[in-house]
Amino acid sequence: MKISNRRSSTGGRRTPAAVVLGAVLALTATACGDDGSGAGGDKGAEGDGKGKIVFWDNNGGVRTDIWKEIIADFEKAHPDIDVEYVGIASTEYQSKVDTAIQGGGLPDVGGVGAAMLAGFAAQQALDPLDERLEKSSLDGKLNKDMVESLRAAGGGDDRLYSIPTSANNGVLYYRTDLFEKAGLKEPTTWDRFYEAAGKLTNKGENEFGYTIRGGAGSIAQALDAMYGQSGITTFWDSTGKRTTVNDPKNVEALEKYAGLFKKATPAADLNNDFTKMVAQWDSGTIGMLNHNLGSYQDHVKALGPDKFRGVPQPTGPGGKRVQVSNPVDGLGLFKSSENKEAAWKFIEFATSHEANSKFNESAGQVPSHTDAAKDAWISEAEPTKLAAQALSDGSTTIVQLPYYLPDWNTISKADNEPNFQKVLNGDMSAKDFLDTLAEQLNEAQAEWDEQMG
């Protein structure tokens with residue numbers, strides 16, 4: 001299967017994303033564990049289970065320390081295997097892999113989350129892992145929902161191309177000290193959220209009620225806010241061919257949400273990715289922050305455990321909580337690897353009980369290994385415990401995003417993040433933004449349906 005072409009908003013034909021990236025981006029990360037020639041479609045080899053492998057971390061910097069610790073543990077357990085770690089920022093990771101697929105230089109193992117999985121699988125860059133998992137000690141020990149999320153995200157062949165490491169659920173963090181001082185109730189509903197955003201804002205004192213994500217990664221957060229407020233529980237309408245993103249209820253929700261910009265948020269939010277947004281919240285006097293479980297430890301270090309809480313997203317109409325897909329991250333084995341046996345040993349080790357628990361305790365995320373999910377630290381990390389409960393107690397409806405579309409990551413990032421900034425600045429209406437997004441999604445879905453025949 002090839003990456004689908006689709007018409008751009010200007011009516012012209014789009015070159016596949018990977019080809020464009022391959023033409024304009026230079027690969028700066030380390031090459032693969034053999035000779036650096038691995039490219040998408042190469043068959044690779046099993047190898048002898050020894051020697052060197054290369055691992056690309058898809059959240060380098062943020063998770064570098066814990067991965068190096070896990071790698072050290074692995075090398076101690078497997079002294080005949082050396083793992084070269086390459087940390088790549090999450091905002092650059094997809095382009096690095098796409099470039100390597102086209103020009104060579106893929107690693108042996110890499111982080112492969114649900115959002116980018118379909119694109120890599122469509123380019124035949126990943127090895128299916130079903131048979132390896134069935135023969136592994138991991139079989140029956142991984143969270144079934146996470147496994148099925150990654151299986152569905154991989155495309156239409158029902159194969160598993162990534163072994164889950166964690167779920168990184170969305171969380172509303174709020175400053176308990178500021179809420180108490182202002183006499184505000186916990187922001188468990190969207191009405192309370194907006195009330196707090198206004199009351200905690202004092203621009204003259206550089207105090208704001210909320211920080212909104214306007215830079216890289218803004219679309220997922222905006223979708224979460226939209227569906228949470230509208231209460232719409234499906235991404236596609238009853239025909240399965242048209243998206244609900246531009247439903248009038250979602251348009252109204254986005255108008256209200258985007259209307260917070262510069263009224264109850266800092267102006268700097270326009271260009272903030274998650275690292276800048278989190279740092280700003282940790283160092284300032286901002287009341288609320290929407291992010292995922294991954295930043296919990298950062299907040300503890302900056303504020304201490306007593307000045308904030310992390311709670312599930314607010315409830316909307318009828319007291320119901322609706323969220324978009326909780327992101328599932330994982331590890332993939334690149335097909336071009338010349339040492340697949342050693343690479344699989346690393347994946348198996350990294351997602352084992354002890355290593356998976358260690359990783360997720362550091363990251364503050366929900367473990368994929370069912371034994372790790374029972375470890376004591378879960379109950380001590382309140383946001384993780386509450387997120388896990390919200391996902392399992394029936395209180396939350398998840399709107400499944402179409403990660404299976406090869407163009408999903410491009411549509412939800414490069415194509416529309418600049419347009420969302422226009423919405424924040426008042427240069428584009430919420431309706432026009434969502435209509436444009438809907439048109440692209442509907443076309444991508446139609447092409448997917450045609451391919452799947």
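This short talk walks through two sheets, one aromatic pair and one pocket of a predicted model.

Hi everyone, a few ground rules before we start. The model is predicted, so to speak of local features we need pLDDT of at least 70, side-chain atom pairs count only at pLDDT 80 or more, and totals for chains, interfaces and linings use all residues. Residues are numbered from 1 along each chain as its sequence is written, and side-chain values use heavy atoms, with hydrogens and water left out.

Let's begin with the six-stranded sheet. Its strands come in the order 2-1-3-10-4-11, the sheet is open, and the pairing is mixed. Strands here are DSSP runs of E with at least two residues, helices are runs of H or I with at least four, and both are numbered from the N terminus. Two strands pair if DSSP finds at least two bridges between them. Strand 2 (81–87) and strand 11 are at the edges with a single partner strand each, so one side of each has no neighbour in the sheet. Further in, strand 1 and strand 3 (residues 109–111) are parallel and share two bridges; there, phenylalanine 55 stands opposite valine 109.

What packs on this sheet? Helix 2 does, touching strand 1, strand 2 and strand 10 (328–333), where touching means heavy atoms within 4.5 Å. The direction of helix 2 makes about 175° with that of strand 2. Such angles run from 0 to 180 degrees between N-to-C directions, with axes fitted to C-alpha atoms, for helices over the stretch in contact. Helix 3 (residues 90–103) also packs on the sheet, touching strand 1 and strand 3.

Now for aromatic pairs: the whole structure has 23. Rings of Phe, Tyr and Trp (its six-membered ring) pair if their centres lie within 6.5 Å; planes under 30 degrees apart are stacked, over 60 edge-to-face, and the rest tilted. Phenylalanine 55 and tryptophan 67 have ring centres 4.8 Å apart and planes at 65°, so this pair is edge-to-face. Phenylalanine 55 belongs to strand 1 (residues 51–57) and tryptophan 67 to helix 2 (residues 64–77).

On to the second sheet, which is open with four strands in the order 6-7-5-8 and mixed pairing. Its edge strands are strand 6 (208–211) and strand 8 (308–311). Strand 5 (residues 170–175) runs antiparallel to strand 8, joined by four bridges, and leucine 172 has valine 311 of strand 8 as its bridge partner. Helix 11 (residues 274–283) packs on this sheet, touching strand 5, strand 6, strand 7 (286–292) and strand 8.

Last stop, the second largest pocket. Which helix gives the most to its lining? Helix 6 does, with seven residues. Strand 11 (366–367), helix 16 (382–392) and strand 12 (396–399) are among the elements that each supply at least two. Thanks for listening!
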